[in-house]
Amino acid sequence: MQRARARETRWANNRFAVPYPTDGPKITFGVLWFIGLVGAAALGAYADNATVSSVAVAAVASPIAGLAGLQTGNAWFPRQSATRGWTAAAAYLGAVAGLAGTWGVPIGFLLGLIVLIFYLMLYRGHNRPPLELFDVLARSALPVAVAVASLAALGSVGIGAQISLILLVSAYEAGDFVVGSGSSNAFEGPMAGLVSLGAVAFLLFLIQPAPFDDQSILLFAVVAGICCPLGQVLASALLPRGNDWAPALRRLDSYLLAAPIWLILALQLTAVE
């Protein structure tokens, strides 16, 4: 009980806190999320078609991006349902564009941006200055859109890279949640997550899925290990307070930096080859 109070106090007092709420079927949703992503990527591998992989992952993950845009928008605009509807639409459209492959990422970003700008031109009922309003609208929609679009587009670069990232991030999130949800400090969860990620990275090192070799898979794993905890902190920065309710955003937080950076590095890796 004392540890639980210490955790809640830390979340309430830290602007960039990464909370571990345990109410509701969190583990069940986490398992379903993992199965959905891996199954979508594996579908592309089974079909031996990168386009199928990108389309399938976008189909699974884009609704979560839209829900994240809705929940983050709700945290910023709790009394303005229309506003959070627009952030949800921008996040979903930006994310689903990843089915088009690597070009889908900038296209999706522009689509989301256009939706938000159109909303700014259309609605005049906010008290915030236009730049401040655009800032919180962009926070609500664009980062999750880019993350999901990048994850989907990664399949067009290499299905092995896409599946590897999903496995590494899922391992991190599992270890982080299992240990972090029972810890009174902010470090035990991420450390456990990194240990889990390291175990999966070792297996990938042995397998060396395309397009990786023994050196590049270790480099990519290190990048994922750095990006996962930083992505969680970034998710907190996107919200008014780190402990605000946005479970869909938290479902994607480890991908916020990892997916775009992996996509960029994978493009460079395959270009060299």
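## Exercises on loops, helices and ring pairs

Asp48 is exposed, with a relative accessible area of 71%. The model is predicted.

### Exercise 1: Two loop residues

Place Asp48 and Gln208 and describe their backbone and exposure.

Solution.
- Step 1. Start with Asp48. It sits in the loop between helix H2 (26-47) and H3.
- Step 2. Read its backbone. Phi of Asp48 is near 55 degrees, a positive value for a residue that is not glycine.
- Step 3. Check exposure. The cut-off for exposed is over 50%. Asp48 has 71%, so it counts as exposed.
- Step 4. Turn to Gln208. This residue belongs to the loop between H8 and H9. Phi of Gln208 is near 55 degrees, again positive in a non-glycine residue.
- Step 5. Classify Gln208. Its relative accessible area is 34%, so it is partly exposed.

### Exercise 2: The loop proline

Which form does the peptide bond from Ala210 to Pro211 take?

Solution.
- Step 1. Locate the proline. Pro211 lies in the loop between helix H8 (188-207) and helix H9 (214-238).
- Step 2. Read omega. It is near 10 degrees for the bond from Ala210 to Pro211, and this bond is cis.

### Exercise 3: The course of H3

Describe the start, span and kink of helix H3.

Solution.
- Step 1. Look at the start. A side-chain oxygen of Asn49 comes to within 2.8 Å of the backbone nitrogen of Thr51.
- Step 2. Take the span. H3 covers residues 50-76, which is 27 residues. From first C-alpha to last, H3 reaches 37 Å.
- Step 3. Compare with expectation. At 1.5 Å a residue, 39 Å is expected, and the 37 Å of H3 is close to that.
- Step 4. Find the kink. H3 bends by about 35 degrees at Ala61, shortly before Pro63.

### Exercise 4: Arg250 and its surroundings

Is Arg250 buried or exposed? What does its side chain meet?

Solution.
- Step 1. Place the residue. Arg250 is part of helix H10 (residues 247-252).
- Step 2. Apply the cut-off. Buried means under 20%. Arg250 has a relative accessible area of 16%, so it is buried.
- Step 3. Find the polar partner. A polar atom of the Arg250 side chain lies 2.9 Å from the backbone oxygen of Gly242.
- Step 4. Survey the contacts, leaving out residues up to four places away in sequence. Arg250 touches several residues, among them Ala17, Val18, Pro19 and Glu173. Gln232, Ala235, Ser236, Leu239 and Gly242 are also touched by Arg250.

### Exercise 5: Aromatic pairs

How many aromatic pairs are there? Work through two of them.

Solution.
- Step 1. Count. There are 5 aromatic pairs.
- Step 2. Take Trp86 and Phe118. Their ring centres are 5.8 Å apart and their planes meet at 35 degrees, so the pair is tilted.
- Step 3. Place both rings. Trp86 is in helix H4 (residues 81-96) and Phe118 in helix H5 (residues 104-122), so the pair ties together parts 32 residues apart in sequence.
- Step 4. Check exposure. Trp86 is partly exposed at 24%. Phe118 is partly exposed at 44%.
- Step 5. Take Phe212 and Trp262. The centres are 5.8 Å apart, the planes 75 degrees, and the pair is edge-to-face.
- Step 6. Place these rings. Phe212 lies in the loop between H8 and H9 and Trp262 in helix H11 (residues 255-272), so this pair ties together parts 50 residues apart in sequence.
- Step 7. Check burial. Phe212 is buried at 7%. Trp262 is buried at 0%.
- Step 8. Look for a cluster. Trp86, Phe118 and Tyr119 are linked by ring pairs into one.

Note on methods: Residues numbered from 1 in each chain as written. Predicted model: local features only at pLDDT ≥ 70, side-chain atom pairs only at ≥ 80, totals over all residues. Heavy atoms only, no water. Helix = DSSP H or I, 4+ residues; strand = E, 2+ residues; numbered from the N terminus. Buried < 20%, exposed > 50% of the residue type's maximum accessible area, 1.4 Å probe, protein only. Polar contact = N/O pair within 3.5 Å; in protein donor to acceptor, adjacent residues only side chain to side chain. Contact = heavy atoms within 4.5 Å. Expected span 1.5 Å × (residues − 1). Bend = angle between axes of the 7 residues up to and from the residue. Phe/Tyr/Trp six-rings, centres within 6.5 Å; stacked < 30°, edge-to-face > 60°.
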